[in-house]
Structures are given as structure tokens and as C-alpha cells.
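Let's take a walk through this model, stopping at its metal sites and its empty spaces. Have the viewer open as you read.

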Amino acid sequence: MHAMVLRKPRTALEWTEFADRQPGPGEIRIRVGACGVCRTDLHLVDGELPNPKLPIIPGHEIVGRIDAVGAGVDKLHSGQRVGIPWLGYTDGVCPYCRSNRENLCDHPLFTGYTRDGGYATAAIADARYAFPLGEEGDDASLAPLLCAGLIGWRSLVIAGEGTNLGLYGFGAAAHIVAQVARWQNRSVFAFTRTGDVKTQAFARSLGVAWAGGSDDMPPEPLDAAIIYAPVGPLVPAALKAVRKGGRVVCAGIHMSDIPRFPYELLWEERQVVSVANLTRQDGLDFLGLVPKFGITTKITHYPLTQANEALGDLRAGRFEGAAVLLP
Ligand SMILES: [Zn+2]
Ligand SMILES: [Zn+2]
């Protein structure tokens, strides 16, 4: 197998050949069909996430077909198409796992961070954390659903059921969540970098009620806002835009420091919360609803060997929607 490997933070990924690995007990091997590029991968490469496994194969939006099955795997079979998400393993026994919050597990493994991921021609996964995907849709268009879609879904649920929803940072996650929220008959307000009229036009093409810069005020107060951009100053900006009792959800794994802000922005029962990881139930809920949502993912394709270019383009905001690597 071949993979793009990060040997140490702040260096380019290197094209590397490995001997094919056999899946161990409870594991499956996947022939990768497509792997999405997530902003978390950039944080990993930039050394902003603590204690990665090194060297590491990044990538946690994997779509592919099982080509080998380890001992004891009975719910999945060779030839089946599956998705491998960020949550790669949990211990099942900590207080969080035992209270249906395995997203907060004390001893987790994360795909493409603390266990090898999908910037590769093949990947090994714990079968219990793989989602059967069926045959509808092509691999590349499904890949972004495995993180941008899933984390987007979890953040949307935590944002609550208010009608006016703000999305700060209109990239891979927001372009999926906007479509789900529209399906739910909500009004979506898209906030981009100041002056990024191209992304604002992209947001409008997906049916949002309003699109503007992140320092603009929306035409109506928001019931909730979700922040996908890793930019701390967006927290007070979003608090300003939500009504009394409104909620601001921070959906990224890493964010620059939040500047100090006056208490009156939080007063009147406004809330700031974060969303961490996903549970397998989130995945089953979301993927089960995907056929109803009618999501169209906007994809920019890159050959696997150009993973560094894909990451660079993500950093620079050079594409709309999501980037996907094809082996
Ligand atoms: Zn991700
Ligand atoms: Zn646990």
C-alpha cells in the first residue's frame, strides 16, 4: 500500500510505500476509494493538536470497500462499502462511554490523529466504528459526510431547534449543514471572511436567507450560531448576533484565543458551548437521514499524491465546499 505520511508537524506529507497489513481481530481492511480533507488535518500538520501518533497517516473521512476481515468480525463482510469516521475506538468502560457520551471517552483513538487514517490506498479500522454506506452515491461525494457532515449534524442538534441559524465559516461543514437546515425549514445566515463575495455567492446558491461578512450584523437576530472557522474573535461576534437565550456552538477541534469581551454579550442567558467528536449513534442518525436531506456536496478532487496541495488550498480558501483525495 501507499500513503501520504506526516513524519513530524510543520513538514510536508511524504509519499511512502508500506507492506500490506492484515487486519487483526475485530478489524477490517479497506481499499480506500476516497478520503476527504478536513480542517482538523491542517491543525494536525501545523502541530496544533497535542500528542499525535507519529509518523501518522492523516485522513478521517474515508470511503472504501472492505477487502479483508479479521477474526471475530461478523456484522461486516468483504466487498461491502463502508465509511470510517474520526472516532476510531473508545474504551467502552469509562464514565462517558457508560453514559452514552462516547464522544468524550477518556481513552479514545481518533482516525488520522492517534491511529492511521485514509490518506492512503488502504486503511485498517476497528469494525465497530465503521458505518455501512450502501451503494447510493459515489465515494468522493460521500467522503465529506464522514466528518464535515457528521460533526455538522452534531453541532446542528446541539444548536437547538430555533429557526434563525447563523453559520460562521462557510466551508465543508457549513455547506452541508446549510442544506440540512434548509430541509428543516430554517433560515440560514452565512458569515464568511470579510469581503469574500465568492463564498457568499456560493452560500446564496444553496438557499441561505442572507450571506455577509463575519463582522456584519444579520438582518434579524439569530436563535443560534455555529462557528466552524477556527477564529476565536468569532465568539463575541456571534454572541452579539444571537438573541436573548441564544446559543453559540463552537464546532472545531482547535480555535485561536477568544478575546476578552464585556459580560453583557453573555447576559440574558446566552450560552457558549463546544462540540467534541461524535458518537456512533450520531453517525447512524445522520447517515440514515442523508437520503431524505438530498445533500449535494461540492467537491474539489485531488490525486492522493497531491495531498499537500489540497491542504494548501484549504488553508488559502482556494475552493468552495470540500476537498477529496482519490488514490
Ligand atoms: Zn474532520
Ligand atoms: Zn470511554
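Before we look at what lines the spaces, one bit of bookkeeping: Ala, Val, Leu, Ile, Met, Phe, Trp, Tyr, Cys and Pro count as nonpolar, Asp, Glu, Lys and Arg as charged, and the others, Gly among them, as polar. Keep in mind too that this is a predicted model.

With that sorting in hand, try the second largest pocket. Its lining divides into 8 nonpolar, 5 polar and 1 charged residue. The volume of this pocket comes to about 320 Å³. There are 14 lining residues, and Glu136, Leu142, Leu145, Val290 and Pro291 are the ones nearest the centre. Helix H2 (139-142) and helix H7 (280-293) each put at least two residues into the lining, and H7 gives the most, with 3 residues.

Now move over to the largest pocket, which holds about 920 Å³ of space. Its lining runs to 47 residues, with Arg39, Gly171, Tyr228, Ala229 and Pro230 nearest the centre. Sorted by class, that lining has 27 nonpolar, 13 polar and 7 charged residues. Several elements each supply at least two residues here, among them helix H1 (39-45), helix H3 (148-159), helix H4 (172-183) and helix H8 (307-316). Strands do their share as well: strand S11 (187-192) and strand S17 (322-326) each contribute at least two residues to the lining of the largest pocket.

Time for the metals. Which protein atoms hold the zinc ion (ligand 1)? The donors are Cys38 (SG), His60 (NE2) and Cys147 (SG), lying 2.0 to 2.2 Å from the ion. Along the sequence, these donor residues follow the spacing C-x21-H-x86-C. Two of the donors link distant parts of the chain: Cys38 is in the loop between strand S3 (27-37) and H1, while Cys147 is in the loop between H2 and H3, 109 residues apart. Both Cys38 and Cys147 are buried.

The zinc ion (ligand 2) has its own set of donors: Asp91 (OD), Cys94 (SG), Cys97 (SG) and Cys105 (SG) coordinate it at 2.0 to 2.3 Å. What geometry do the 4 donor atoms give the site? It is tetrahedral, with angles of 97 to 120° among them. The sequence spacing of the donor residues reads D-x2-C-x2-C-x7-C. One of those donors, Cys94, has a relative accessible area of 5%, so it counts as buried.

Last comes the space that is closed off. Rolling a probe the size of a water molecule over the atoms shows where empty space is left. How many cavities of 30 Å³ or more does the structure hold? The count is 1, and the volume of the largest cavity is about 60 Å³. Its lining has 13 residues, with Ile84, Thr111, Arg115, Ile124 and Ala125 nearest the centre. Strand S6 (87-89) and S8 are the elements that give two or more residues to this lining, and S8 gives the most, with 4 residues. By class, the cavity lining splits into 8 nonpolar, 2 polar and 3 charged residues.

While you're at strand S8 (residues 122-126), take a look at Asp126, which sits in that strand. Asp126 has a relative accessible area of 9%, so it is buried. Its side chain makes a polar contact with the side chain of Arg128, at 2.8 Å.

Technical notes
Residues are numbered from 1 along each chain as its sequence is written. Chains are lettered from A and ligands numbered from 1 in the order in which they are written. This is a predicted model: local features need pLDDT of at least 70, side-chain atom pairs count only at pLDDT 80 or more; totals for chains, interfaces and linings use all residues. Side-chain values use heavy atoms; hydrogens and water are left out. On a 1 Å grid over the protein atoms alone, a cavity is a set of points where a 1.4 Å probe fits but cannot get out, and a pocket is an open set with protein on both sides within 12 Å along at least five of seven lines; lining residues have an atom within 4 Å of a point. Grid points are joined across faces, edges and corners, and a volume is the space filled by probe spheres set on the points. Donors are N, O and S atoms within 2.8 Å of the metal (3.2 Å for Na, K and Ca); water is not among the atoms, so sites may look incomplete. Four donors count as tetrahedral if all angles lie between 85 and 135 degrees; four count as square planar and six as octahedral if opposite donors are over 155 degrees apart and all others between 65 and 115; anything else is irregular. Buried means under 20% relative accessible area, exposed over 50%, partly exposed in between (1.4 Å probe, protein chains only). A polar contact is a pair of N or O atoms within 3.5 Å; within protein, one must be able to donate a hydrogen and the other to accept it, and residues adjacent in sequence count only if both atoms are side-chain atoms.
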